[in-house]
Amino acid sequence: MVFAHCDLLSANVIIQPRPKESTLADGAAETVDFIDYEYAIPSPAAFELANHFAEWAGYDCNFSRLPTRSIRRSFLEEYVDSFAQHRELPESKQKTVDSLFADVDRYRGLPGFYWYVRPYHTFIHRHHTNISLLGASGL
């Protein structure tokens with residue numbers, strides 16, 4: 001399980017421009033910030049990544065923008081490399097990427113279901129329960 005943003009479309013990923021006086025080498029990492037955490041939940045990493053790839057279609061659902069298998073694999077290799085900088089991998093990098101790739105593929109399609117069901121859950125919560133998450137605001 002990871003802390004999943006669940007809405008990592010391009011509009012919610014802010015890449016800060018490098019200052020002119022920056023001493024970073026060309027191609028060095030930029031500052032990246034994420035915004036709009038209102039859908040964040042604990043989630044399997046594979047669901048978060050499948051949802052992120054689904055977001056590539058954009059607001060107009062242009063599915064020709066979805067990443068190819070090779071692009072997804074390259075992305076997952078970078079993801080695993082980054083993870084390995086903070087925690088030891090449970091198995092070899094290749095096995096970890098292979099396993100994650102298979103898991104992400106199993107979750108493909110599920111983000112669409114999640115986004116279909118989520119508004120109904122919110123509607124039911126707001127109109128058919130007495131539980132208020134934010135006190136008197138009625139949310």
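**Serine 64 and its surroundings**

I'll start with one side-chain pair: the side chain of serine 64 makes a polar contact with the side chain of asparagine 62, at 2.5 Å. This is a predicted model, so every value here is computed from predicted coordinates.

Where does serine 64 sit? Its place is in the loop between H1 and helix H2, which covers 69-84. Is serine 64 buried or exposed? Its relative accessibility is 64%. The cut-off for exposed is over 50%, and therefore serine 64 counts as exposed.

Next, the helix before that loop. H1 spans residues 45-55 and is mostly covered, with 10 of its 11 residues buried. The buried set in H1 begins with Ala45, Ala46, Phe47, Glu48 and Leu49. It continues with Ala50, Asn51, His52, Phe53 and Glu55. Note that Glu48, Asn51, His52 and Glu55 are among them, alongside Phe47 and Phe53.

Now the chain as a whole. There are four helices and four strands. In order from the N terminus, the elements read β-β-β-β-α-α-α-α.

How much of the chain is buried? Of the 139 residues, 23% are. H1, to repeat, has 10 of its 11 residues buried.

On contacts: taking those with a separation of 6 or more, 58% are between residues 24 or more positions apart.

Last, the surface. The accessible surface of the chain is about 10000 Å², and carbon and sulfur atoms account for 59% of that.

Technical notes. Residues numbered from 1 in each chain as written. Predicted model: local features only at pLDDT ≥ 70, side-chain atom pairs only at ≥ 80, totals over all residues. Heavy atoms only, no water. Buried < 20%, exposed > 50% of the residue type's maximum accessible area, 1.4 Å probe, protein only. Helix = DSSP H or I, 4+ residues; strand = E, 2+ residues; numbered from the N terminus. Polar contact = N/O pair within 3.5 Å; in protein donor to acceptor, adjacent residues only side chain to side chain. Contact = heavy atoms within 4.5 Å. Areas by Shrake-Rupley, 256 points an atom, 1.4 Å probe, with all protein chains shown as cover.
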